[in-house]
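Please open the model in your viewer and keep the selection tool at hand. The stops below go from the whole chain to single residues.

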Amino acid sequence: MDTARFRVRPGQTVNLHRYAADDTRPYKHKRKAIGKLAKGVERLVTLQEQLYAQDRWSVLLVFQGMDASGKDSAIKHVMSGLNPQGTQVYSFKRPSDEELDHDYLWRSVRALPERGRIGIFNRSYFEEVLVVRVHPKILAGQKLPAPLVTPRVWSQRYEDINAFERYLSRNGTLIRKFFLHVSKDEQRRRLLERLDESSKNWKFQPADLDERDRWDDYQRAYQQMLSRTSTRHAPWFIVPADHKWFTRLAIAELVAEALEGLGLAYPKPSKEQLVALAEARRRLHQDTPA
């Protein structure tokens with residue numbers, strides 16, 4: 001699969017109308033892609049084990065998208081075979097009173113993955129230039145000093161996020177960001193599915209429809225975010241999301257490619273460790289059952 005077409009180049013002006021949400025190239029049918037996904041997950045299992053054993057890099061995967069774009073299912077299926085000991089998933093909801101008493105990056109910093117681990121943000125600090133931008137009243141409730149709330153606040157947040165991600169990158173965190181690009185028609189179908197299927201009723205929130213009414217506002221906010229915060233060290237990928245099977249396959253491929261680029265390997269034992277291993281082997285061979 002040619003994954004380069006999903007990547008947002010630094011400085012690129014994004015127009016989401018130019019991206020097909022139902023793109024599945026080079027696959028025409030789900031059947032042929034299932035085996036590829038399984039192999040992709042197998043690659044990830046080995047790479048995660050090497051990441052954990054090497055204990056040098058950390059990995060941050062950020063997932064953003066409109067309601068019902070498939071973020072939860074993508075995370076569930078792509079990361080299904082990974083060792084939970086080396087994986088951390090955080091879903092960021094409405095900020096608590098404690099979080100509002102800090103800067104907006106504070107809660108994200110607390111959730112960053114340790115070395116050797118993969119951290120997954122289901123929504124993230126990018127909500128601060130998405131939902132907060134679409135709903136100005138949220139910004140008014142963030143306790144910012146009045147002189148700091150100017151028309152430049154969004155540009156300043158883009159700058160701060162880029163600086164934050166550059167800092168993480170310079171300290172050994174690999175960052176990959178995925179925007180799940182779902183069409184308005186497909187979102188409608190999935191929301192109706194949540195209403196019609198009793199097993200999915202719990203997923204539906206009346207506020208989802210209020211947010212859907214602001215579709216155009218969100219598309220503009222996403223375009224600005226993608227254009228201003230995709231960098232060489234922390235790129236955005238616009239992943240078609242109308243077909244969940246393809247979304248999962250594309251993300252598995254993108255994550256595996258990124259991890260393979262780190263040159264991961266199992267640590268080689270030192271001379272002292274080799275001596276200790278030989279001694280342990282000798283003792284175990286001597287300790288044979290009577």
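The tour begins with the overall view and then turns to the core and to two individual residues.

Start with the whole protein chain, bearing in mind that this is a predicted model. Coloured by secondary structure, the chain should show twelve helices and five strands, and its C-alpha trace spans about 75 × 50 × 40 Å along the principal axes. Of the 290 residues, 48% count as buried, while the chain exposes about 16300 Å², of which carbon and sulfur atoms supply 50%. If you display contacts between residues at least 6 apart in sequence, 82% of them join residues at least 24 apart. Colouring by charge brings up 50 positive and 37 negative charges, whose mean positions are 5 Å apart.

Next, select Leu61, Tyr125, Phe126, Phe178, Ile251 and Leu259, which touch the most other members of the largest nonpolar core, a set of 75 residues. Add helix H11, residues 244-260, which contributes the largest share of this core with eleven residues.

From there, centre on Tyr125 and show its surroundings: leaving out residues up to four places away in sequence, Tyr125 touches Leu60, Val62, Leu105, Ser108, Ile161, Phe164 and Glu165.

Finally, move to helix H1, residues 30-54, and pick out Gln50 within it. Is Gln50 buried or exposed? Gln50 counts as buried because its relative accessibility is 14%, which falls under the 20% cut-off. Beyond its neighbours within four places in sequence, Gln50 is in contact with Leu264, Ala265 and Tyr266, so labelling these three completes the view.

Methods
Residues numbered from 1 in each chain as written. Predicted model: local features only at pLDDT ≥ 70, side-chain atom pairs only at ≥ 80, totals over all residues. Heavy atoms only, no water. Core = buried A, V, L, I, M, F, W, Y, C linked by side-chain atoms within 4.5 Å. Buried < 20%, exposed > 50% of the residue type's maximum accessible area, 1.4 Å probe, protein only. Helix = DSSP H or I, 4+ residues; strand = E, 2+ residues; numbered from the N terminus. Contact = heavy atoms within 4.5 Å. Areas by Shrake-Rupley, 256 points an atom, 1.4 Å probe, with all protein chains shown as cover. Lys, Arg positive; Asp, Glu negative; His and termini not counted. Charge placed at Lys NZ, Arg CZ, Asp CG, Glu CD.
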